[in-house]
Amino acid sequence: MKKIIMAACVAVSLTAFAGLALADKDHKSIPKTAVSLEQAIKAVTDKYPGRVVEAELEAEDGKTEYEITVVSNSGESREYTVDAQSGQVSEDKEAAKHEGSHKK
């Protein structure tokens with residue numbers, strides 16, 4: 001009886017781990033970058049002073065870049081992109097104007 005229970009437990013465990021292994025195939029790994037998040041934030045704030053409210057790494061269409069949102073002292077929110085390989089900063093678009101809503 002113990003052998004049957006043990007065999008059933010092993011079978012259930014193996015089935016559960018196999019499901020996790022298959023699910024992990026859909027998981028995307030973090031791409032390698034030449035520029036760290038800290039370096040990207042510094043590159044943006046050196047050119048465009050303000051408070052960073054959001055920063056994330058995006059990988060789309062074979063291109064990896066950081067998207068960084070900065071709120072200026074006047075309350076204007078802007079998004080910048082930093083190429084994760086070259087470190088080149090470009091203004092993406094005006095995210096929104098917030099008159100003092102992000103100020104503390």
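## Salt bridges

Three salt bridges are found in this structure, which is a predicted model. One of them sits within a helix: D46 pairs with K42, and their closest N and O atoms are 2.9 Å apart. Both residues belong to helix α2, where four residues, or about one turn of the helix, separate them. D46 counts as exposed because its relative accessible area is 54%, and the cut-off for exposed is over 50%.

The other bridges to look at here meet at R78. R78 forms a salt bridge with E76, with 2.7 Å between the closest N and O atoms. R78 also forms a salt bridge with E91, and here the closest N and O atoms are 2.5 Å apart. This second pair links distant parts of the chain, since R78 is in strand β3 and E91 is in strand β4 (residues 89-97), 13 residues apart. Through shared partners, the salt bridges join E76, R78 and E91 into one network.

How accessible are the members of this network? R78 is partly exposed, with a relative accessible area of 23%. E76 is also partly exposed, at 21%, and E91 is partly exposed with a value of 38%.

## The chain as a whole

Stepping back, the protein chain has two helices and four strands. Read from the N terminus, the elements come in the order α-α-β-β-β-β. The chain has 104 residues, and buried residues make up 17% of them.

The accessible surface comes to about 7,900 Å², and carbon and sulfur atoms account for 55% of that area. As for contacts between residues at least 6 apart in sequence, 34% join residues at least 24 apart.

## The hairpin of β2 and β3

Strand β2 (residues 63-71) pairs with strand β3 (residues 76-83) in the antiparallel sense, over seven bridges. Across this pairing, I68 of the hairpin stands opposite Y80 in β3. Four residues lie between the strands of the hairpin, and G75 takes a positive phi near 95° there.

For comparison, here is a backbone angle in another loop. D61 is not a glycine, yet D61 has a positive phi of about 50°. D61 is placed in the loop between β1 and β2, and D61 counts as exposed at 82% relative accessibility.

## A stacked aromatic pair

The structure holds one aromatic pair. The partners are Y48 and Y80, and the pair is stacked, with 4.4 Å centre to centre and 20° between the planes. The pair is assigned to the stacked class because the cut-off for that class is an angle under 30 degrees. Distant parts of the chain are linked here: Y48 is in the loop between α2 (37-47) and β1, whereas Y80 is in strand β3, 32 residues apart.

Which of these tyrosines is buried, and which is partly exposed? Y80 is buried, with a relative accessible area of 5%, while Y48 counts as partly exposed at 28% relative accessibility.

## V52 in strand β1

V52 lies in strand β1 (residues 51-60). At 29% relative accessibility, V52 counts as partly exposed. Leaving aside its neighbours within four places in sequence, V52 is in contact with I41 and T45, and also with I68, T69 and V70.

V52 can also be placed relative to the network described above. V52 and R78 are 26 residues apart in sequence, and their C-alpha atoms are 9.8 Å apart in space.

## E65, a buried charge without a salt bridge

E65 lies in strand β2. What is the nearest side chain of opposite charge to E65, and how far away is it? The answer is K63, at 4.0 Å, and E65 is buried yet has no salt bridge.

Not counting residues up to four places away in sequence, E65 touches E56, L57 and E58 on one stretch of the chain, and T81, V82, D83 and A84 on another. Among these contacts, T81, V82 and D83 fall within strand β3 (residues 76-83), while E56, L57 and E58 fall within strand β1 (residues 51-60).

Conventions
Residues are numbered from 1 along each chain as its sequence is written. This is a predicted model: local features need pLDDT of at least 70, side-chain atom pairs count only at pLDDT 80 or more; totals for chains, interfaces and linings use all residues. Side-chain values use heavy atoms; hydrogens and water are left out. Buried means under 20% relative accessible area, exposed over 50%, partly exposed in between (1.4 Å probe, protein chains only). Contact means heavy atoms within 4.5 Å. Accessible areas come from the Shrake-Rupley method with a 1.4 Å probe; for residues, only the protein chains shown count as cover. Two strands pair if DSSP finds at least two bridges between them. Rings of Phe, Tyr and Trp (its six-membered ring) pair if their centres lie within 6.5 Å; planes under 30 degrees apart count as stacked, over 60 as edge-to-face and the rest as tilted. Lys and Arg count as positive and Asp and Glu as negative; His and the chain ends are not counted.
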